[in-house]
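This report describes a complex chain by chain, and then turns to a helix pair and a single residue. Please keep the sequence and the coordinates at hand while reading.

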Amino acid sequence: MIIEGKQKIWADYQKDIPDDHYFYVRSCIRQAFWPGSEVTFLDITRNKLGKDFYENPYHTTCGGIAYHSDSIPQETAMTIIARQFALMHESGYENYVCSCITSFGCYTETLETWHEYPELEAKIRQYLWDSCKKEFAKPKYLAHASDLIYKFRFDIAKQMKFPLVNVKTGKPLKVVEHIGCHYSKMFPSKGFGGAEYPHVLVGMIEAWGGEVVDYPERRHCCGFGFRQYFVQANRGYSESNTYKKFESMEPYEPDLIITNCPGCPYFLDRWQYVIAEQTGKTYGKNGYGIPALTYEEVAGLVMGYDPWDLGLQMHQVAIEPLLEKMGIPYDPKKKYQGVNGKDLGQPQCPSCIKSV
Amino acid sequence: MEYRYKGHLVEELYKDYRIKEGMKACMNCGVCTAVCPAAEFYKYNPKNIVNIVSRKNEADLEELLKSDTIWYCGECMSCVTRCPRANAPGLVIMALRKLAMRSGLYMESEKGRQQYIVVKDLNSNVLNYGYCVYPRTFAYETHPEYGPVGKWVCDHLDDIHARLGSNLDGDGPGGLRRIPQESLDQLKKIYDVTGATELMEQVLNDAHEEAVKRNMSDEEYFLSVYTTNNAEKHLNP
């Protein structure tokens, strides 16, 4: 691979993005599985960078997971989205940022389809009025939350305490970036770097001192597949796709995986545990797995947040080897504590993949 | 057999905006199949599906809608990026699935009948809580891959979310806040006016009738559909 050539191509796929004043909407999966990530996103943007990100408590799911599980019609998903846009408008905002990649794909699909078929937009306006007595304005700008962290990556780097560098060897950590499929596979022009050379996570890795791993199945789906996970009978699909990715990245010995999709870190984390239980195989060194983190978790680590405040104890793959490589101090006793040090016990150790 | 839209399947399918958006002119290059995560593991070929849809043949379309084939896709949309003719086989699949459900033909296949699971679970989460995924209904017992950490999370849900700054079932903004009743009422009205309620009721009714036919309770039927996997029928050799 000629790195300079790829960097030049990536540079051609940039997009302008407003600096401030966003209407923020949450992700169902991230709130449930990675709650620390959204808390960290808002803390970084609001408190560390002084930006205005507003959350309206009346917003709901966008319906994207139900839509991509084919359990609601397209018109239903679009009307839920129209309601979210109405809340943005009522709140006095024009820039819309969503925490979820599935949502980002749904919002983009909706806006593009309305652009192509104005009569459908008119129909959805009527549905929204009939159901909620609301009117909406389309956002002036639609962003995914990872776009904002990408935009502010150098500001974050200025506050960096622990770069993505192995403190024992002085070498950059080898980082796999995994982009959620619905970020730019459907509408490449809407993502930083398009679908072919997405730069949104690459930019963070490089700004924070890491080295990007290029491997054959880099763009392969994590295997969520919506109905292919929610129905237990289909979960082999999901696990098989994750397995394919890990077999492909294994020779490159990554230290870390960074993701920008709600489901991907769950599947890349949990299926490592299952693969180990089923086959005895682990993909990290010395019987550990490879940590699969959200971009906010990685941003938080490099900025010096406490790993347990970020919620890294919610990952099945142990994070401690990565913390030690980066030289990040942590208190093992606090990992499984609740508020005010409340003892919450601790999870059982898996049979095959090391947990501590 | 009798089913809704008999003799009008093609006409109904081509009303779907996802067909208008996703079905241009296929040149049979097969790139969609080459890149497809589902095609690697399942007996699945999106190129063939696009061919059948292009032919607009009523009998062929009926067979397709009755089959397991249209349910193998994971909707990752990797095919959309690669198609040199700007087709979107993933969107075509979504339109086919909708018609399969509305016509009732989805009940003819093992994978089609699984729509009972997602329609029941996801829509009850949306309508009752305002989330597609809600942690109090995501049980370790039905998701053992959640692992020992997942079991620990389920066992200490309130404490863990309080520790990590969620506002679980609380008022005001924040992660996992209780969605105000006014918002839930609006979601229900959106479901009513846009056809989601009708679709949901149809799927739940179809499942109930099938359960009765099989001499099962609705719960037994749910569990059977949730776990049944005739893998040799579905998977590539």
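The text below goes through confidence, domains, helices, one residue and the contact between chains.

The model is predicted, and local features are given only at pLDDT of at least 70, side-chain atom pairs count only at pLDDT 80 or more, and totals for chains, interfaces and linings use all residues. Residues are numbered from 1 along each chain as its sequence is written, while chains are lettered from A and ligands numbered from 1 in the order in which they are written.

The predictor gives the complex an ipTM of 0.98 and a pTM of 0.97. For chain B the average pLDDT (the predictor's confidence in each residue, from 0 to 100) is 97, and 100% of the residues score at least 70.

**Chain A: two domains**

Chain A is divided into domain 1 (22–145) and domain 2 (147–341), with bounds that come from an automatic or database domain assignment. The centres of the two domains, taken over C-alpha atoms, are 25 Å apart. Their contact takes 30 residues from domain 1 of chain A and 32 residues from domain 2 of chain A, where two residues are in contact if their C-beta atoms, placed from the backbone, lie within 7 Å. On the side of domain 1 of chain A that touches domain 2 of chain A, H3(A) gives the most, with eight residues; helices (H or I, at least four residues) and strands (E, at least two) are DSSP runs, numbered from the N terminus.

The table sets out the classes of residues on two contact sides, with Ala, Val, Leu, Ile, Met, Phe, Trp, Tyr, Cys and Pro counted as nonpolar, Asp, Glu, Lys and Arg as charged, and the others, Gly among them, as polar.

| Side | Nonpolar | Polar | Charged |
|---|---|---|---|
| Domain 1 of chain A, touching domain 2 of chain A | 14 residues | 11 residues | five residues |
| Chain A, touching chain B | 35 residues | 27 residues | 12 residues |

**Helices and one residue of chain A**

The axes of helix H5 (residues 74–90) of chain A and H6(A) come within 10 Å and cross at roughly 100°; axes are lines fitted to C-alpha atoms, for helices over the stretch in contact, and angles run from 0 to 180 degrees between N-to-C directions. That crossing makes H5(A) roughly perpendicular to H6(A), a term for angles of 65 to 115 degrees, whereas those under 35 count as roughly parallel, those over 145 as roughly antiparallel and the rest as oblique. Here A:Ala77, A:Met78 and A:Ile81 of H5(A) meet A:Cys106, A:Tyr107 and A:Thr110 of H6(A).

Helix H11 (residues 200–207) of chain A is largely enclosed by the rest of the structure, because six of its eight residues are buried. A residue is buried if 20 or more other C-beta atoms lie within 10 Å of its own, exposed if 12 or fewer, and partly exposed in between, with C-beta atoms placed from the backbone. Just after H11(A), A:Gly209 takes a positive phi of about 100°.

A:Phe41, in helix H3 of chain A, is buried, with 25 other C-beta atoms within 10 Å. Leaving aside neighbours within four places in sequence, A:Phe41 is in contact with A:Ala145 and A:Glu296.

**Chain B and the contact between chains**

Chain B has 16 helices and zero strands, and its C-alpha atoms fill a box of roughly 55 × 40 × 40 Å, taken along the principal axes. Buried residues make up 48% of the 237 residues in chain B.

The contact between the chains takes 74 residues from chain A and 72 residues from chain B. On the side of chain A that touches chain B, the largest share, six residues, comes from H5(A).
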